[in-house]
Amino acid sequence: MRLQDYDCFYASVFEAENPVLKSLPLAVQQKQIIATCNYEARRRGLKKLQLVREAKKICPDVVIVLGEDLAPFRDASKQLHAFLRAFIWGDRVERLGFDEVFLDVTEMIEYNVELLNAHDLLHSFFHLDKLDPTVGFAFDATKFSGPTFPPSTDSPVCIESCFPKAFEDPLRLRLLLASHLARYLRDQLEHQKGYTASVGVSTSKLLAKLAGNVHKPSNQTTLLPPYVAAGPEEESNITRFMDAHEIGKIPGIGYKLVNRLKAHILCHDSDVGPHETPTRTSVTDNNKVTVRDVRCFANMGPHLLEKILGGPGSSRDIGTKVWGLINGVDTTEVHTARKIPTQISIEDSYGTLDTFDAVRKALVLLAASLIRRMRADLTEGERDDNKQADENKSSSIKRTRWLAHPRTLRLSTRTRAPEVNGTRNHIFNRVSRSAPVPRFLFNLDENVDALAERLVHESILSMFRKLHPERAGWHLSLLNVAVTNMVETAGESKHSNGRDIGKMFQQQETNLQPWKVIDGDDHSTVHDLQSASTANSEWDEGKLHAAPRFPHAPSPAETSTDDVFADDMADAAWEDSDGEDSTWSDPCRFCGTLVPHFASAAHELYHTVPE
DNA sequence: TCGGAGTAG
DNA sequence: TTTTCTACTCCGA
């Protein structure tokens with residue numbers, strides 16, 4: 001199991017496009033801040049999230065590029081994801097944000113362990129293709145590739161010492177092979193795509209991710225066994241590794257939890273109720289608290305953690321979860337790539353937005369971006385809004401279809417902190433209102449800007465009025481428009497991904513690979529962490545959508561007998577929040593949109609049907 | 001289902 | 001330490 005983390009990703013996207021930038025200090029600007037910068041810039045003292053003004057002062061010759069348009073980053077991320085996926089068996093590649101990827105290579109490692117020649121480890125061959133034994137790379141299986149944690153103390157001549165060691169311990173051998181695979185993939189990524197990455201090699205996403213931070217950039221770290229303490233007086237390498245981290249560095253333990261934990265550890269202030277909101281007296285960074293500080297605190301365990309962190313609003317079993325995390329236990333799966341995002345949102349921030357007209361204009365721009373993104377990410381088929389050969393026009397339109405229809409539209413705003421007499425108000429939270437997505441939004445032939453205009457006037461502005469009934473004087477600092485609640489439309493079957501039942505069984509099978517399981521006395525309480533909450537959804541959705549539907553336009557008879565589809569649409573016929581405009585009727589045969597009877601003929605004109 | 005909170009990159 | 005543009009998950013009502 002490994003994590004890839006592309007080094008300073010935004011900057012790397014520009015560098016890959018224009019390699020000259022690689023040797024210069026490069027910073028990516030969003031609004032007034034440096035979103036990220038390359039390592040040359042960091043060497044000169046620049047930091048992420050620094051004000052551009054300060055950055056220029058510190059490093060006057062910094063090259064600054066604008067990175068507010070995320071499309072290039074999104075595209076590069078998808079490309080790299082696809083590139084890596086081609087190497088990994090069983091599609092076990094999960095993207096986290098734009099610049100991180102988890103790879104579950106269990107199956108590949110198991111296969112290669114079997115084929116290892118114990119008599120000539122020096123000249124081993126890693127197979128990347130079960131069907132073609134020539135595909136792969138040579139490697140030296142007498143030692144780990146790259147740095148390890150703890151650092152290797154082996155002398156350079158280690159054939160004697162490593163070889164039996166690795167074979168005694170199955171986990172050690174598997175991690176060793178994985179370290180070579182990691183090296184290989186990093187090389188491929190660098191030489192074929194021009195991106196460097198940092199990688200962690202371990203048995204869970206949590207451990208791999210933290211390990212990946214140890215040697216950055218452009219390097220890798222393998223977390224060595226033993227993963228289970230050898231005796232009561234011993235510590236496992238997991239404990240050693242986890243203990244050294246600041247508590248807030250653990251993924252899943254964010255700002256709020258850190259504050260509550262620190263309040264307890266540092267002040268052991270038992271008066272602090274579980275849900276007293278952290279005030280400005282909340283503990284700040286002078287006092288570092290490590291995982292060890294928490295883990296070894298008197299009476300520490302799931303129960304005490306639940307008392308410290310639990311309460312209304314907290315996750316269920318938060319104590320158990322956090323106890324698991326600080327003990328290095330993470331049983332979450334590497335999820336295979338999702339075909340459809342669960343939400344698409346577009347936002348922009350503003351100095352202050354105070355007039356209705358300014359708000360309206362801003363919303364139209366956001367709506368237009370949102371519609372473009374919906375078309376890019378939720379449709380399938382060749383559609384190019386700009387250039388289209390005339391004769392092909394109709395044939396290219398008819399091939400474009402929605403993969404999913406979002407049902408809910410959401411407007412969120414954030415107001416500027418009121419700045420009342422010295423007291424900095426802690427209210428930079430967002431507020432939101434939702435409404436159904438109007439069906440006209442799915443009309444692929446309408447001009448984006450026209451649709452945006454219409455969406456704002458017919459839907460978004462009324463949400464805005466609910467959110468801000470006052471006539472003016474909202475000090476808006478942010479607007480966000482989003483669509484959520486995706487309902488997938490009929491699959492064109494073939495390679496519609498993620499919905500594949502065979503794949504799900506295959507996953508289950510690999511889930512049971514024994515060497516992946518983290519076990520041990522010290523965290524026996526957290527074995528079935530999350531099993532209930534994660535196992536579910538793929539299957540549920542798969543069941544609902546597995547049946548291939550509508551490879552072509554169906555006959556009316558097919559439409560009416562398609563129960564699953566009808567169910568979806570019943571779902572989709574959500575109540576209209578204002579009670580108006582809810583004369584739904586049948587789903588359109590071509591795009592799945594619900595169309596009122598009176599409009600169905602007109603609607604269908606939008607589709608040119610192949611027969 | 002909605003709206004908010006929390007976390008992450 | 002609140003400055004960017006997102007995206008996901010969970011909780012209570």
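In this predicted model, the side chain of Arg42 is placed over the face of Tyr39, at a distance of 4.6 Å from the centre of the ring. A second arrangement of this kind involves Arg454, whose charged end sits over the ring of Phe440, 3.8 Å from the ring centre.

Contacts between aromatic rings were examined next, and the count comes to 16 aromatic pairs. Among them is the pair formed by Phe137 and Phe139, which is tilted, with 6.0 Å from centre to centre and 55 degrees between the planes; both Phe137 and Phe139 are buried. In the pair made by Trp402 and Phe442, the ring centres are 5.2 Å apart and the planes stand at 80 degrees, and because an angle over 60 degrees counts as edge-to-face, the pair is assigned to that class. This pair links distant parts of the chain, 40 residues apart, since Trp402 belongs to strand E15 (residues 401-402), whereas Phe442 lies in the loop between strand E17 (430-436) and helix H16 (448-467). Trp402 has a relative accessible area of 2% and is therefore buried, the cut-off being under 20%, and Phe442, at 7% relative accessibility, likewise counts as buried. Elsewhere, ring pairs join Tyr6, Phe9, Tyr10, Phe14, Phe73 and Tyr195 into a cluster.

The surface near DNA strand B was then considered. Around this strand there are 19 residues, of which Asp99, Lys209, Gly252, Ser432 and Ser434 come nearest. On the side of the nucleic acid, sugar and phosphate make up 100% of the atoms of DNA strand B that come within 4 Å of the protein. By residue class, the surface near DNA strand B comprises six nonpolar, seven polar and six charged residues. Helix H10 (255-267), strand E16 (404-415) and strand E17 each provide at least two residues of this surface, and E17 gives the most, with four residues.

Individual polar contacts to phosphate oxygens of DNA strand B involve both backbone and side-chain atoms of the protein. For Ile253, a backbone N or O atom lies 3.4 Å from a phosphate oxygen of the strand, and for Lys256 a polar backbone atom is found 3.0 Å from a phosphate oxygen of DNA strand B. In the case of Ser434, which is one of the residues that come nearest to the strand, an N or O atom of the side chain is 2.6 Å from a phosphate oxygen of DNA strand B.

Technical notes
Residues are numbered from 1 along each chain as its sequence is written. Chains are lettered from A and ligands numbered from 1 in the order in which they are written. This is a predicted model: local features need pLDDT of at least 70, side-chain atom pairs count only at pLDDT 80 or more; totals for chains, interfaces and linings use all residues. Side-chain values use heavy atoms; hydrogens and water are left out. Rings of Phe, Tyr and Trp (its six-membered ring) pair if their centres lie within 6.5 Å; planes under 30 degrees apart count as stacked, over 60 as edge-to-face and the rest as tilted. Buried means under 20% relative accessible area, exposed over 50%, partly exposed in between (1.4 Å probe, protein chains only). A charge sits over a ring if NZ of Lys or CZ of Arg is within 6 Å of the ring centre and within 35 degrees of the ring normal. A residue is near a molecule or strand if one of its heavy atoms lies within 4 Å of it. A polar contact is a pair of N or O atoms within 3.5 Å; within protein, one must be able to donate a hydrogen and the other to accept it, and residues adjacent in sequence count only if both atoms are side-chain atoms. Ala, Val, Leu, Ile, Met, Phe, Trp, Tyr, Cys and Pro count as nonpolar, Asp, Glu, Lys and Arg as charged, and the others, Gly among them, as polar.
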